[in-house]
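Please set out the contacts between the parts of this model in a short report. Give the cut-offs for each term.

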Amino acid sequence: MKTTTNLPRRDFIKLSAISGAFLAVGFVPLGEKESKIVNLSKTATPGNELNPFVFIGTDGKVVLYNHRPEMGQGTFQAIPMIIAEELEVDINDIEIRQSPADEHKYGDQMVVGSRSIRNNFNNMRKMGAAAREMLMQAAAKRFHSDVSECEAKNGYITHVSSGRKISYGVLVRDASELEPSNSPALKDPSQFSVIGKSVPRMDIPLKTNGEAKFGIDHQVEGMLYASVERSPFFAGRVIDYFGEKALQVPGVKYIFKTSRDVWGKKREAVAVLANSYWAAVKGRKALEIMWHNGDLKNWTTEEIWIDYYKASKEEGTTFEEKGDFENIFDKSANKIEAYYETPYQAHAPMEPMNAMVSVTEDKIEFWGSTQNPNGIRSHLAEKFGMHPDKIIINYTFMGGGFGRRSLMDVVDEVADLSAQAGVPVKVIWTREDDIGQGPFRACSLNHLRGSINAEGNAECLDHKIICQDIRNQSGYGKSPSSGITGGVITEYEIPNFRLNGVLRKHHIPITYWRSVYHSTNCFAHESFIDEMAHEAGKDPLDFRLVMLKNHYRYSQVLKLVAEKSDWYKTPDENTGRGVAIVERSGSFVALVAEVKRIEGKIVPYKFTVAIDCGIVINPDTVVAQSEGCVVMGLTAAYKSAITIEEGRVAQTNFDKFKLMELYETPQVNVHIVQSNEAPEGVGEAALPPTAPALTNAIFSLTGKRIRRLPFKLDEV
Amino acid sequence: MLKFYLNAEFCKLNGFVNYNTMGFYKLTVNGQLHSVEADPDTPLLWVLRDNLGLTGTKFSCGIAQCGACTVQINGDPVRSCVMPVSSAINSKIVTIEGLSIANSHPVQKAWIEEQVPQCGYCHSGQIMAAAALLEKNANPSDEEIHNGMRGVLCRCGTYPRVMKAIRKASAKISKS
Ligand code: FES
Ligand code: FES
């Protein structure tokens with residue numbers, strides 16, 4: 001199994017086009033999940049990129065392309081696995097290449113919302129199957145037989161009755177003359193031999209010896225490095241700056257005023273350009289800048305909370321309603337009410353934000369790690385009034401993204417610097433830049449009220465979300481972001497239910513963060529369901545099961561997690577368990593946290609995850625993603641948060657924005673439901689229930705209810 | 001500091017313009033001797049990455065808080081983001097690129113077998129720290145592993161596998 005990843009190798013196919021025949025199959029995207037399969041074998045002309053998904057040379061060498069940027073979520077391997085399954089080639093014999101950014105040939109390439117597999121599963125299967133059928137037709141002709149008498153396996157077509165075999169390589173010339181079918185016969189899932197297997201990821205060996213290239217690693221001839229001093233205050237403006245001292249630092253070449261667009265707002269900055277990163281950083285330290293700090297210089301997070309508590313009294317927008325909450329709740333004898341607070345969070349991917357752009361008269365080129373390569377192309381096309389075809393996007397592996405790398409702000413700023421300097425410019429954000437500037441996950445207040453009837457069942461529930469809306473940061477009047485109520489389980493059978501929100505506007509920039517609103521809403525929702533269960537005197541897992549008895553998939557993961565976590569075995573007096581569930585990106589997760597009191601301290605000890613994500617492509621990736629979600633969920637629960645003091649972010653680097661470490665990592669056991677449902681997203685699903693399962697477990701052990709994140713574990 | 005003055009002196013004598021800041025440093029990296037020109041306070045990290053093109057060593061925090069930049073100096077794990085190049089002369093520096101040929105170090109093998117990396121960005125540092133730990137203590141207890149890996153962060157949350165892989169590598173080393 002081989003990989004060439006790093007940057008897409010653009011010349012490979014051009015050369016092959018000239019030197020010999022090959023079979024190249026790709027598609028023309030027709031909307032989010034649809035496409036038309038096309039034979040690209042004859043479209044190669046010098047300078048024209050084929051950009052296929054399947055490439056087979058006359059030597060039988062098979063190259064499969066992954067068109068989804070890789071940030072650790074595993075699609076680099078999973079997309080080709082799906083093609084290989086239907087193409088009938090040995091996954092160990094193929095080469096995987098990262099495709100270029102080309103929306104005409106690859107459709108949507110933005111990796112957000114755990115969509116890569118669920119939106120591409122059918123397309124990729126059809127792609128592999130169509131190519132296989134072309135090869136089978138070519139073989140049948142040679143065998144003077146019907147296609148139905150042939151079988152494809154491991155890169156060969158066999159004539160079943162005679163046992164004669166021809167390799168794919170030999171068939172390439174003939175197959176490349178044929179038209180692909182757009183409704184090829186797909187395998188029965190029970191026949192899958194690659195899908196569902198934990199195939200070792202091909203990108204991993206590159207990541208254990210330093211070979212994998214990330215955005216930050218890329219260099220080009222004549223480039224300059226930029227380090228940029230941005231206003232520490234939100235919406236600060238540059239009044240004046242003095243760069244004389246900075247220019248004396250050896251290696252420093254230019255000082256420019258610049259800006260970047262963050263959700264339609266211009267954020268001003270002063271940049272130092274130098275011939276090395278270190279010189280740029282030193283120059284930046286020597287800059288003198290006078291800032292106008294706007295009206296926000298005394299702002300604190302506390303003021304936001306005051307505003308949110310006030311807003312919680314407003315009626316807000318009703319998103320969903322059944323029964324008659326207001327009346328029944330009023331009359332109810334057994335009511336409870338609670339507020340939950342979840343803070344701003346930084347994404348803090350380990351690879352700091354960075355990008356390199358070269359802007360010239362007739363061409364723009366980008367190099368870097370991005371979740372949204374085609375978005376960069378459109379952004380730069382618009383910014384510079386250039387035709388999109390003149391903009392080349394080279395994207396690399398990402399050192400984590402979590403939503404942060406889907407934004408254009410980093411590119412916007414460095415493109416401006418390249419245009420000013422007239423050379424390729426690479427910006428590398430410091431960790432302090434990353435943590436201090438955001439955009440962040442939104443903080444939110446959730447107000448919940450509920451009641452229990454005489455039989456001990458949930459009677460009323462009102463869930464109100466008070467937060468900022470990502471999409472509406474720069475203007476009023478648009479509809480709220482879809483997903484703003486994510487993590488609220490509307491399927492619970494509660495006769496009187498209301499789900500509403502009060503959307504507030506603040507100057508703190510926010511954006512998508514792994515699992516987005518699910519991460520904040522689910523904490524409140526699943527904590528409160530726990531409170532209701534205790535109020536009703538019911539087992540919290542059974543309480544949920546009763547309300548979801550008609551929902552097969554929720555019930556199934558709940559039962560599985562109960563079994564695997566020994567839920568019904570009474571724990572010893574120093575152990576507590578808590579449960580929480582969620583539906584995120586189509587996947588259903590039930591999670592049980594087990595905490596222990598060890599030498600008087602509360603220790604998150606074991607997390608049991610049951611996940612139903614439909615058909616599984618690579619089970620080991622599902623496990624890995626779930627483990628990662630638990631760790632990131634715990635970090636957000638009790639390690640760190642972003643707060644604002646005196647108008648600026650109080651945290652600067654990993655000394656104040658703490659991440660979970662190895663020594664404090666609990667056991668994570670992941671159990672996957674066998675399913676024939678369509679495949680769903682796994683990169684975020686186990687994150688939302690992690691915090692509420694943990695705090696529910698702490699409640700069951702200590703009787704202390706935690707309603708504000710992050711909490712201090714050693715103060716519980 | 002002494003080394004710094006010596007180098008500044010050397011530059012001055014040889015007529016270099018920026019004699020008061022830039023210096024030439026001889027570094028032994030992965031068994032090869034290199035001569036680099038840099039500011040004496042330039043962190044070794046950036047000399048490795050920008051001057052020598054060894055981009056396997058990563059930048060993430062710049063203040064010795066995350067371990068992404070870990071290299072081995074004379075066998076010890078060192079955060080190269082806070083080590084001035086001027087202090088790195090006369091020592092044996094090993095980066096991820098020089099840890100082994102073709103991923104053959106027991107730690108790398110265990111990392112691949114356990115499928116540890118996700119995004120992979122932190123793992124040059126994780127592997128260099130783990131290899132240094134096992135070099136000194138081939139059979140560490142869980143607590144010794146925890147201590148040895150303190151301050152080596154992974155935002156993707158690969159810790160459960162890091163733990164398994166270190167145990168596996170330890171078993172491999174103990175066996176051989
Ligand atoms: S970059 Fe050196 S420890 Fe973080
Ligand atoms: S694997 Fe992504 S930071 Fe560790």
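## Domain 1 and domain 2 of chain A

No salt bridges (a side-chain nitrogen of Lys or Arg within 4 Å of a carboxyl oxygen of Asp or Glu) are found across the interface of domain 1 of chain A and domain 2 of chain A in this predicted model. The count of residue pairs in polar contact there, both at pLDDT 80 or more, is six. A polar contact is a pair of N or O atoms within 3.5 Å; within protein, one must be able to donate a hydrogen and the other to accept it, and residues adjacent in sequence count only if both atoms are side-chain atoms.

The two domains bury about 1700 Å² between them, with 61% of it on carbon and sulfur atoms. Buried area is the accessible area (1.4 Å probe) that two parts lose on being put together, summed over both.

## Chain A and chain B

Contact (heavy atoms within 4.5 Å) involves 60 residues of chain A and 52 residues of chain B. About 4600 Å² is buried between the chains, and carbon and sulfur atoms give 58% of this area.

Six salt bridges are counted between chain A and chain B. In one salt bridge, the side chains of D217(A) and R49(B) meet at 2.9 Å, N to O.

## Basis

Residues are numbered from 1 along each chain as its sequence is written, and chains are lettered from A in the order in which they are written. The model is predicted, local features need pLDDT of at least 70, side-chain atom pairs count only at pLDDT 80 or more, and totals for chains, interfaces and linings use all residues, while side-chain values use heavy atoms, without hydrogens and water.
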